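Dear colleague,

Please find below the structure that I am handing over to you. The findings follow after it, and I hope they will serve as an introduction.

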Amino acid sequence: MELDTVTRLSKWDARLFPTGLTVGELIDVLGAPPASDGDNKDNQQRKKYGLMEVHELGGGRWAAGQVVLRGSERAGKTLREMGWGETRGFAAKPVWLKIHEEGI
């Protein structure tokens, strides 16, 4: 799935993180907001936040990859366990992540 124009025009920056950091910790460090109740008092539009791995297609285009939501089982894995280890960006392509919002 190719991402929308807003995502394609977003500014990306490079950061290095220890690979022993969990994905959940990284979600917080990168500034994902806490879960929100939205405007619905019945809590039906509660949103969860996490990270989406995206893949560079070239020409300013990006494709959606896996999503890890805060509080999920995969959020407890380290960056290394996710395959986002020391060789990424050198021997392998870099890991590109964006804050992801999902309504449930």
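Leaving aside its neighbours within four places in sequence, with which residues is Thr-78 in contact? The contacts of Thr-78 are Thr-19, Gly-20, Leu-21 and Thr-22. Thr-78 itself sits in the loop between S2 and S3, and its relative accessibility of 16% makes it buried.

Please bear in mind throughout that this is a predicted model.

Overall fold

The protein chain contains two helices and three strands. Along the sequence these elements follow the pattern α-α-β-β-β. Of the 104 residues of the protein chain, 28% count as buried. The accessible surface of the chain comes to about 6,900 Å², and carbon and sulfur atoms account for 51% of that surface. If one takes the contacts between residues at least 6 apart in sequence, 62% of them join residues at least 24 apart.

Confidence

The mean pLDDT of the protein chain is 79, and 76% of the residues reach 70 or more. Confidence is highest in helix H2, with a mean of 93, and lowest in helix H1 (residues 5-8), with a mean of 46. Over residues 40-45, pLDDT stays under 50. For that stretch the model has six contacts beyond four places in sequence.

The nonpolar core

In soluble globular proteins, nonpolar side chains tend to be buried together. The largest nonpolar core in this model has twelve residues. They are Leu-21, Val-23, Leu-26, Ile-27, Ala-32, Tyr-49, Leu-51, Val-68, Ala-75, Leu-79, Met-82 and Trp-84. Helix H2 and strand S1 (47-58) each supply at least two residues of this core, and the largest share, three residues, comes from H2.

One member of the core, Met-82, may be followed through its contacts. Not counting residues up to four places away in sequence, Met-82 touches Val-23, Gln-66, Val-68, Arg-74 and Lys-77. Val-23 and Val-68 also belong to the core.

The salt bridge

The structure holds one salt bridge. In it, the side chains of Arg-70 and Asp-28 meet at 2.9 Å, N to O. Arg-70 lies in the loop between strand S2 (61-69) and strand S3 (96-103), and Asp-28 in helix H2 (residues 23-29), so the pair ties together parts that are 42 residues apart in sequence.

Are the two partners buried or partly exposed? Arg-70 is partly exposed, with a relative accessible area of 25%. Asp-28 is likewise partly exposed, at 48%. Asp-28 may also be placed relative to Gly-50: the two are 22 residues apart in sequence and 8.8 Å apart in space, C-alpha to C-alpha.

The aromatic pair

A search of the whole structure finds one aromatic pair. The partners are Trp-62 and Trp-96, in an edge-to-face arrangement. Their centres are 5.1 Å apart, and there are 70 degrees between the planes. The pair links distant parts of the chain, with Trp-62 in strand S2 and Trp-96 in strand S3, 34 residues apart. Trp-62 is buried, at 6% relative accessibility, whereas Trp-96 is partly exposed, at 23%.

Which residues does Trp-96 contact, leaving aside its neighbours within four places in sequence? They are Trp-12, Met-52, Glu-53, Val-54, Glu-56 and Trp-62. In addition, the C-alpha atoms of Trp-96 and Leu-51 are separated by 9.8 Å, although these residues are 45 apart along the chain.

Met-52, one of the contacts of Trp-96, lies in strand S1. It is buried, at 7% relative accessibility. Met-52 and Leu-69 are 17 residues apart in sequence, and their C-alpha atoms are 8.6 Å apart in space.

In summary

Two pairs of side chains connect separate parts of the chain in this model. Arg-70 and Asp-28 form the salt bridge, while Trp-62 and Trp-96 form the aromatic pair. The largest nonpolar core draws its largest share from H2, and H2 is also where confidence is highest. When reading the model, please keep in mind that helix H1 has the lowest confidence, at a mean of 46, and that pLDDT stays under 50 over residues 40-45.

With kind regards

Notes:
Residues are numbered from 1 along each chain as its sequence is written. This is a predicted model: local features need pLDDT of at least 70, side-chain atom pairs count only at pLDDT 80 or more; totals for chains, interfaces and linings use all residues. Side-chain values use heavy atoms; hydrogens and water are left out. A salt bridge is a side-chain nitrogen of Lys or Arg within 4 Å of a carboxyl oxygen of Asp or Glu. Helices (H or I, at least four residues) and strands (E, at least two) are DSSP runs, numbered from the N terminus. Buried means under 20% relative accessible area, exposed over 50%, partly exposed in between (1.4 Å probe, protein chains only). Rings of Phe, Tyr and Trp (its six-membered ring) pair if their centres lie within 6.5 Å; planes under 30 degrees apart count as stacked, over 60 as edge-to-face and the rest as tilted. pLDDT is the predictor's confidence in each residue, from 0 to 100. Contact means heavy atoms within 4.5 Å. Accessible areas come from the Shrake-Rupley method with a 1.4 Å probe; for residues, only the protein chains shown count as cover. A nonpolar core is a set of buried Ala, Val, Leu, Ile, Met, Phe, Trp, Tyr and Cys residues joined through side-chain atoms within 4.5 Å.
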